[in-house]
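Subject: Structure for you to look at

Dear colleague,

I am handing over the structure below, and after it you will find an account of what turned up. Please keep it open beside the text as you read.

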Amino acid sequence: MTNTPDSRFEFEPAGPTRVQETRQDSPSSALLHWIFRGHQGMRAGWSVLIFIAIFATLGLGAGALARTISHTERSLTEIPAPSILREALQLAALFLATWIMAGIEKRSVLCYGFADKRKLIRLASGSVVGFLVISGLVGLLWATHVLAFDGRILSGEMIWKYGLLWGVMFFIVAFFEEGLLRGYLQYTLARGLNFWSAAAILSVLFGALHTNNWRESPVGIVAAIAADLVFCLSLRLTGSLWWIVGVHAGWDWAESYFYGVADSGVETQGHLYATHAIGRQVWSGGATGPEGSVYALLVLLLLAIGIWLMWGNGRHPLGT
């Protein structure tokens, strides 16, 4: 597959690369200019700090609003309506923060991985791949007798009701997490460092955030970091986030709703099948879910190979 110009996640200067001065700046103003601005406009470090401050402020407000409306606190069991509201408000906060920074830096808000003529095709195909990949992992756990199915627990219209609600929820989550980790922050850090240094920093940060969940395991944290790096590989080779958003959503939906297993220790209310882990956590994933099993690392490696076979044609739109 080839990349069209509008699908490329490129590092374009925020303005002219050279400014013609009509007056002689004082040494102090020249120093301030050097500290805050580079040849691509505002230096990446300052851009990241401003973005984090804006998003943190908006995110806190969104969280408070969600709690006020739904009267629920976040727990290790997700309930559809409050979860959708909470994640939608967080996504809105993320979009607004990104839009503000895009305006400051004179860029399109879509340039951070969302400009792609094939967005719907990539989103749909990614969703199918995500479902198949987690199905392969669950099937491997079942085949090695470390995961048992207890039967279907939904019937009739409840299958469609919860399936749709969790589908909406996990697409919102996928857009939020991919937009946060591989959108503005990845773009801007890569502008200041390089693509893979930025990817490594953000992936380790994501893994560190998982330590706040007491059901998370060391293998699960490593798997979270590995999954982030695999997703970054897709971004680098395609120049777009749409395919990996689909993979993320399809993976989470199949894991949490369809198979009814925990996702990094978090379970859902209203899942199609009931399951339980058997044996040692390092193999079964235990309370963490399939992502806490060492088999998850094997599946992620296979996904990375598949991504390379699809798009690793020697053209890297994101540079090094």
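A polar contact is a pair of N or O atoms within 3.5 Å, of which, within protein, one must be able to donate a hydrogen and the other to accept it. Please bear in mind that this is a predicted model.

With that cut-off in hand, T238 is a good place to begin: the side chain of T238 reaches the backbone oxygen of S240 at 3.1 Å, and a polar atom of the same side chain lies 2.8 Å from the backbone oxygen of S234. T238 is found in helix 7, and its relative accessible area is 1%, so T238 counts as buried.

Turning to the nonpolar interior, the largest nonpolar core holds 39 residues, and those touching the most other members are L137, W243, L303 and I307. At least two residues of this core come from each of helix 4 (119–143), helix 6 (195–209), helix 7 (218–238), helix 8 (242–258) and helix 10 (294–311). If residues up to four places away in sequence are set aside, L303 touches V129, V133, V230, F231 and W243. A second core, separate from this one, has 24 residues, including V48, I54, L189 and A198. As general background, nonpolar side chains tend to be buried together in soluble globular proteins.

The aromatic rings deserve a look of their own, since the count comes to 21 aromatic pairs. In one of them, the ring centres of Y112 and Y184 are 5.1 Å apart and the planes stand at 70 degrees, so this pair is edge-to-face. Because Y112 lies in the loop between helix 3 (80–104) and helix 4, while Y184 lies in helix 5 (residues 157–192), the pair ties together parts that are 72 residues apart in sequence. Y112 and Y184 are both buried.

Another aromatic pair, formed by W253 and F258, is tilted, with 6.1 Å from centre to centre and 35 degrees between the planes. Here W253 counts as partly exposed, at 23% relative accessibility, and F258 likewise counts as partly exposed, at 22%. W253 and F258 also belong to a cluster linked by ring pairs, together with F131, F149, Y257, Y259 and Y273.

Finally, there is a charge placed over a ring: K161 lies over the face of Y162, at 5.5 Å from the ring centre.

With best wishes

Definitions and conventions: Residues numbered from 1 in each chain as written. Predicted model: local features only at pLDDT ≥ 70, side-chain atom pairs only at ≥ 80, totals over all residues. Heavy atoms only, no water. Core = buried A, V, L, I, M, F, W, Y, C linked by side-chain atoms within 4.5 Å. Buried < 20%, exposed > 50% of the residue type's maximum accessible area, 1.4 Å probe, protein only. Helix = DSSP H or I, 4+ residues; strand = E, 2+ residues; numbered from the N terminus. Contact = heavy atoms within 4.5 Å. Phe/Tyr/Trp six-rings, centres within 6.5 Å; stacked < 30°, edge-to-face > 60°. Lys NZ or Arg CZ within 6 Å of the ring centre and 35° of its normal.
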